[in-house]
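Me: Could you take me through this model feature by feature, giving the general idea of each reading before the particular case?

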Amino acid sequence: MVKTAKSLFRKLEFKPLFSYTFSDEINLLFYKSPSDRKLGYIIRLLPSYTSSLLQSYLSSLRSSENSLVDFLIQVFKTRFSEDVLEYFSCRCSSCLNNFIKKYVSGFPYGQKGFNLRVFPKWEKYGTVIYRRIRKKERLLQKSINLADENGRKWLSRYLKMWRKL
């Protein structure tokens with residue numbers, strides 16, 4: 001999924017500012033809202049394009065299996081960065097909730113608890129893909145808890161940086 005999200009960053013005509021991916025979902029944030037015509041274009045073509053990218057990556061890993069991949073697209077338009085912070089915080093909470101359900105459901109009856117620290121951050125919190133521009137633009141990825149105060153501060157600083165450009 002991370003490789004698919006990175007490909008979307010590189011290949012889309014409408015450059016996303018930020019992406020958050022976990023499980024079977026990719027969330028893209030566009031800083032400037034495309035026109036209604038372009039937005040319709042994105043809604044119609046992006047799911048099939050994303051599906052074909054992921055399908056090609058999966059088929060290269062498992063050459064014998066032919067499974068179909070399908071995506072749903074949802075549009076979230078806002079002018080307020082607080083709404084963006086809240087949205088990604090909720091998505092990160094959902095990721096952590098899914099992670100906990102996955103591991104708790106596999107516990108033998110009577111076993112108590114598990115140590116969250118031993119699991120990789122990307123598995124608990126998902127992966128953020130973002131653009132960094134210094135001398136030249138680069139795509140970076142990091143696993144960060146967007147539901148806690150430090151994660152929200154990081155995202156807020158990132159959004160403020162792009163407003164200045």
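**Reading helices, rings and cores**

Reply: Let us begin with a bend, bearing in mind that this is a predicted model: helix 2 has a kink of about 40 degrees at L45, shortly before the proline P47. Helix 2 covers residues 36-61, which makes 26 residues, and from its first C-alpha to its last it reaches 38 Å, close to the 38 Å expected at 1.5 Å a residue.

Me: Which residues of helix 2 are buried, and what do they pack against?

Reply: The buried residues of helix 2 are L39, G40, I42, L46, P47, T50, S51, L53, L54 and Y57, and they pack against helix 1 (2-11) and strand 2.

Me: How does one check the length of helix 3 (residues 81-104)?

Reply: The idea is to compare an expected span with the distance between the end C-alpha atoms: at 1.5 Å a residue, the 24 residues of helix 3 should span 34 Å, and the ends are 35 Å apart, which agrees. Along helix 3 the buried residues are V84, L85, F88, S89, C92, C95 and F99.

Me: With cysteines in that helix, how many disulfides does the structure hold?

Reply: A disulfide calls for two cysteine sulfur atoms within 2.5 Å, and the structure holds zero of them. C95 is in no disulfide, since the nearest cysteine sulfur, that of C92, lies 6.0 Å away, whereas the cut-off is 2.5 Å. C95 is buried, with a relative accessible area of 3%, while C90 is partly exposed, at 39%.

Me: How many aromatic pairs are there, and how should I read the geometry of the F99 and F119 rings?

Reply: The structure holds 12 aromatic pairs, and each is read from the distance between ring centres and the angle between planes, an angle over 60 degrees counting as edge-to-face. The centres of F99 and F119 are 5.1 Å apart and their planes stand at 75 degrees, so the pair is edge-to-face. This pair links distant parts of the chain, with F99 in helix 3 and F119 in the loop between helix 3 and helix 4 (121-125), 20 residues apart. F99 is buried, with a relative accessible area of 3%.

The rings of Y130 and Y158 also form an edge-to-face pair, because their centres are 5.5 Å apart and their planes are at 80 degrees. Here the link runs from strand 3 (residues 127-133), which holds Y130, to helix 5 (residues 149-164), which holds Y158, across 28 residues. Both Y130 and Y158 are buried, and they belong to one aromatic cluster with F18, Y20, F22, Y87, F88 and W154.

Me: Which residues touch the most other members of the largest nonpolar core?

Reply: In soluble globular proteins, nonpolar side chains tend to be buried together. In this case the largest core has 21 residues, of which F18, Y20, F88, V128, L146, W154 and L155 touch the most other members. Strand 1, helix 3, strand 3 and helix 5 are the elements that give two or more residues to this core. Leaving aside its neighbours within four places in sequence, L146 is in contact with residues including F18, F88, V128 and W154. A second, separate core of 11 residues includes F9, L12, F14 and I42.

Me: What is the phi of S23, and is S23 buried or exposed?

Reply: Most residues other than glycine have a negative phi. The phi of S23 is near 50 degrees, a positive value in a residue other than glycine. S23 sits in the loop between strand 1 (18-22) and strand 2 (25-29), and S23 is exposed, with a relative accessible area of 52%.

Terms used. Residues numbered from 1 in each chain as written. Predicted model: local features only at pLDDT ≥ 70, side-chain atom pairs only at ≥ 80, totals over all residues. Heavy atoms only, no water. Helix = DSSP H or I, 4+ residues; strand = E, 2+ residues; numbered from the N terminus. Expected span 1.5 Å × (residues − 1). Buried < 20%, exposed > 50% of the residue type's maximum accessible area, 1.4 Å probe, protein only. Phe/Tyr/Trp six-rings, centres within 6.5 Å; stacked < 30°, edge-to-face > 60°. Core = buried A, V, L, I, M, F, W, Y, C linked by side-chain atoms within 4.5 Å. Contact = heavy atoms within 4.5 Å. Bend = angle between axes of the 7 residues up to and from the residue.
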